[in-house]
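Notebook open, structure loaded. I went through strands, rings, backbone oddities and pockets, and jotted down what I found.

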Amino acid sequence: MMSVEFKRILLAILFVVLLAPDLAAREVPRLAAELMSQTVTLELTDRTVGEICEAISESSEIKFVFDDKTDLNKPLNIDLGDMSLEKALDLLMLQTKNFYKPVDERTVLVAPDTRQKRQEYEDQVIQTFYLANADSREIVTLLRSLLQTRQIAESRTQNTVTIKDVTDKVGIAARLVEIADRETGEIAVEFELLEVAKLGEQSAREMSAHSIRNAPGTVSLAHPQMRIISGRSGSIFIGDSVLVPATTACPSGEQPAESVVASSYQNVGIEIDVVPRIGDDRRVTLQLEIGISSVSSEGSQSTPTDRGPVIARRQFETTMRLADGETHIVSSLPALGRSAGGLGDGDPSSTSVSSDTQTELILLVTPRVTRQPHIASDDRRPLWVGTEETMKM
């Protein structure tokens with residue numbers, strides 16, 4: 001014969017196998033849509049809350065059950081003139097300082113609108129949002145800031161956000177995530193680095209990009225392009241790496257000795273960091289950080305005991321707003337010279353401006369919108385979310 005403990009285990013297994021699928025598929029109770037859209041017309045004077053609910057039940061076939069703390073004897077005057085049952089219930093709850101919770105498609109529970117009663121009756125749901133475009137950290141910050149929800153977690157590996165809260169708050173969260181996870185815009189930012197005979201700042205501004213490209217002696221040093229998601233950053237380095245010998249500690253009075261094994265390389269050339277952002281009018285805002293470095297002629301290594309090259313650096317930042325396909329000219333950049341290798345087209349004998357001619361670098365920047373952000377018309381409308389104390393869809 002089976003023991004009592006074995007019977008309990010068997011019953012538990014049968015419960016999980018037979019009933020768990022139904023429990024997993026259970027949805028939040030909602031009132032029938034056709035019931036909530038019914039028109040209610042009532043004008044009641046000096047009636048108790050219980051009598052008013054009974055009158056609404058007779059005219060709409062909705063059933064009421066009440067919490068034991070609900071005051072059904074409170075007198076009330078109410079005028080429900082040609083409005084839907086949903087609006088009638090909202091108005092009644094507002095006047096009586098109660099709230100209702102659907103029990104099934106035709107039954108509601110009415111209870112006092114207090115924090116304790118809401119925690120007692122309001123259903124909690126858990127929902128996971130699988131993000132396609134947004135970052136999970138940004139979504140967590142968004143939901144915590146706007147909904148004041150604390151029970152929220154993210155998965156960095158799967159880029160998901162999971163929230164546990166009342167049904168209305170989770171519904172609001174779903175709408176916010178839908179908007180934030182829209183397909184983002186993308187920009188192809190094109191750079192062209194030109195070495196030209198020194199033009200002067202004023203003349204460079206007056207010339208077009210086409211004119212500068214075709215000026216006598218102009219050499220195209222590099223022409224990179226990168227695609228960047230709107231609001232994200234991209235970086236490009238144009239130049240070479242220079243060996244910088246390290247020095248070892250020596251007794252006082254002795255020359256430091258080089259340690260070739262410990263030597264490091266430093267980038268010499270032009271480093272560009274860019275953050276593009278697409279506006280509604282397809283114009284692109286570019287935040288540019290440009291760093292320029294070159295080997296100083298005074299610091300070139302001449303003997304084995306020298307400490308290595310001296311690298312001069314300059315850096316500046318700028319923000320510009322350009323139309324799709326418009327080219328901006330960044331002029332008056334100092335020439336790097338041939339000491340920074342890797343700036344040519346791969347042919348050391350390629351034509352360049354004569355070393356006797358004073359030269360400068362000009363950077364052409366052209367953004368091209370490759371994908372416009374998807375913004376639906378409903379995304380621009382305000383989202384009604386109830387009150388500070390009671391958020392609802």
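**Strand β9 and its partners**

I began with the pairing of β9 and strand β10 (residues 219-222): the two run antiparallel and are joined by 3 bridges. For a register mark I took E195, whose bridge partner in β10 is V219. A caveat for the whole notebook: this is a predicted model.

Next I looked at what else β9 pairs with. Strand β11 (residues 225-229) is another antiparallel partner, with 5 bridges to β9. There I noted A188 opposite R227 of β11.

Then I followed β9 to strand β17 (residues 359-371), again antiparallel, and found 12 bridges between them. F191 has V365 of β17 as its bridge partner.

How many residues of β9 are buried? I got 11 of the 12 in this strand, which spans residues 186-197, so I put β9 down as mostly covered. A reminder to myself for reading side chains here: in a regular strand they alternate between the two faces of the sheet.

**Strand β5, from both sides**

I moved on to β5, residues 107-112. This strand is mostly covered too, with 6 of its 6 residues buried.

Which way does β4 run relative to β5, parallel or antiparallel? The two are antiparallel, with 6 bridges between them. I checked the connection as well: a hairpin of 2 residues leads from β4 to β5. Within this pairing, F99 has A111 of β5 as its bridge partner.

Strand β2 (residues 63-66) pairs with β5 in the parallel sense, over 4 bridges. F66 is a handy marker here, with V110 as its bridge partner in β5.

**Rings**

F66 turned up again when I looked for aromatic pairs. The structure holds 1 such pair. It is F64 with F66, with ring centres 6.2 Å apart and planes at 10°. Why is the pair called stacked? Because stacking needs planes under 30 degrees apart, and 10° meets that.

I then looked up how covered each ring residue is. F64 has a relative accessible area of 14%, so it counts as buried, the cut-off being under 20%. F66 comes out at 31%, which makes it partly exposed.

F99, the residue I had noted opposite A111, has company of another sort. The charged end of R118 sits over the F99 ring, 4.5 Å from the ring centre.

**Two backbone oddities**

I went looking for positive phi angles next. Most residues other than glycine have a negative phi, so exceptions seemed worth a line.

D46 is one: its phi is about 50°, positive, and it is not a glycine. I placed D46 in strand β1 (residues 39-48). Is D46 buried or exposed? Its relative accessible area is 57%, so it is exposed.

Q148 is another non-glycine residue with a positive phi, about 55°. I found Q148 in the loop between α6 and β7 (152-155). Q148 counts as exposed as well, because its relative accessibility is 54% and the cut-off is over 50%.

**Pockets**

Last, the empty space. The largest pocket has a volume of about 2,000 Å³. I listed its lining and got 49 residues, with R118, E122, D168, T390 and M391 nearest the centre. So R118, noted above for sitting over the ring of F99, is also among the residues nearest the centre of this pocket.

Which elements give two or more residues to that lining? I have α4 (85-96), β4 (98-104), α5 (115-121), β6 (124-130), β8 (160-166) and α7 (167-180). By class, the lining has 18 nonpolar, 13 polar and 18 charged residues.

The second largest pocket holds about 520 Å³ of space. Its lining has 25 residues, and A180, R182, T184, S230 and R277 are the closest to the centre. The elements giving two or more residues are α6 (136-147), α7 and β13 (258-278). The largest share comes from α6, with 3 residues. I split this lining by class as well: 9 nonpolar, 8 polar and 8 charged.

Notes
Residues numbered from 1 in each chain as written. Predicted model: local features only at pLDDT ≥ 70, side-chain atom pairs only at ≥ 80, totals over all residues. Heavy atoms only, no water. Phe/Tyr/Trp six-rings, centres within 6.5 Å; stacked < 30°, edge-to-face > 60°. Buried < 20%, exposed > 50% of the residue type's maximum accessible area, 1.4 Å probe, protein only. Lys NZ or Arg CZ within 6 Å of the ring centre and 35° of its normal. 1 Å grid on protein atoms, 1.4 Å probe; cavity = no way out; pocket = protein on both sides within 12 Å on 5 of 7 lines; lining within 4 Å. Points joined across faces, edges and corners; volume = space filled by probe spheres on them. Nonpolar A, V, L, I, M, F, W, Y, C, P; charged D, E, K, R; others polar. Pairing = 2+ DSSP bridges.
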